[in-house]
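The following exercises concern one chain and its bound ligand. Each task is followed by a solution in steps.

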Amino acid sequence: MSRLAVVCGGSRGIGAAVSRLLAQRGCRVAVLSRNEDASRAAVAALPGDHHVAFSCDVSKEQEVQRTFESIRRTCGHVSYLVNAAGINRDALLLRSRPEDMLALLHTNLLGCMLTCRAALRDMLHMQEAAIVNIGSVVGLKGNAGQCVYSATKAGLEGFTRSLAKEVASRNVRVNLLAPGFIRTDMTGGLSEEQTARSVPMGRFGEPEDVALAVLFLLESAYITGQVLVVDGGLQLAM
Ligand code: NDP
């Protein structure tokens, strides 16, 4: 039986590219997002059979529990988990509303903790499993106008390194991938021409660039607790 990969936030952007690449490499993919129709459409576009779509808000504990139980029942044990579900609410701290701060914390940080916890119940009993969480270069370097977003992404770094230590002896690996500017809906509001001037490579990355690095981390049998930056050199200039 082929490996089962769960991709949270797999309906579009980076998560959709990861789902496509994993499906091309022979995995069965479970795509999660809040919008079931969008998850279904993403699954319909994947090569191969046996992929499944779920509506799941990763920030809601009971939904996460229910969804992973349903995945376990209908698809089997999870080998790979990719946490690409995320939102941004960019604003200077003085203009940030508490409800937006909570939405960021709940989706980007708590959501990742909940899905990792749910998936680990399976993973700890398998011979080998891997998790990749999607952080951001702003979680490593900070960025004006993104205090809360970058705090959630910095939080993911500590979470990833700690979880890697907790589960390494069971051959479960946990890594963080930190993208720079990637061309998706999330960056759709930015002027690419202007923003790309801050990137040493002079352009935004494609979701496929990130997907390839995610695949590398999932398949690399002796890498855990690491941060891999995929940013066209942006971090060097920050
Ligand atoms: P998109 O906005 O294109 O896609 C986000 C995905 O997450 C969608 O599938 C969305 O589906 C899903 N999602 C959002 N909230 C939830 C939720 N509560 N529960 C379940 N699914 C959810 O974003 P990107 O692909 O650009 O971003 C993917 C990840 O990469 C994010 O964590 C982002 O912070 C990070 N990142 C992106 C960068 C970029 O330049 N694009 C740079 C650095 C990091 P739906 O809305 O239907 O739920």
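**Exercise 1.** Describe the secondary structure and end-to-end distance of residues 3–185.

*Solution.* Over residues 3–185 the chain is 48% helix and 18% strand, where helices (H or I, at least four residues) and strands (E, at least two) are DSSP runs, numbered from the N terminus. The C-alpha atoms at the two ends are 29 Å apart. An unreviewed UniProt entry annotates residues 3–185 as "domain: Ketoreductase"; such annotations may be inferred rather than shown by experiment.

The model is predicted: local features need pLDDT of at least 70, side-chain atom pairs count only at pLDDT 80 or more, and totals for chains, interfaces and linings use all residues. Residues are numbered from 1 along each chain as its sequence is written.

**Exercise 2.** Characterise the shell around the ligand by residue class and by contributing element.

*Solution.* Step one: 31 residues lie around the ligand (C-beta atom, placed from the backbone, within 6 Å of it). Gly9, Gly13, Arg34, Gly86 and Thr184 come nearest.

Step two: the shell divides into 14 nonpolar, 13 polar and four charged residues. Here Ala, Val, Leu, Ile, Met, Phe, Trp, Tyr, Cys and Pro count as nonpolar, Asp, Glu, Lys and Arg as charged, and the others, Gly among them, as polar.

Step three: α1 (13–24), β2 (28–33) and α4 (98–123) each supply at least two shell residues. The most come from α1, which gives three.

**Exercise 3.** Locate Ala196 in the chain and state its distance from Leu234.

*Solution.* Ala196 sits in the loop between α7 (192–195) and α8 (207–219). Ala196 and Leu234 are 38 residues apart in sequence, with a C-alpha to C-alpha distance of 9.2 Å.
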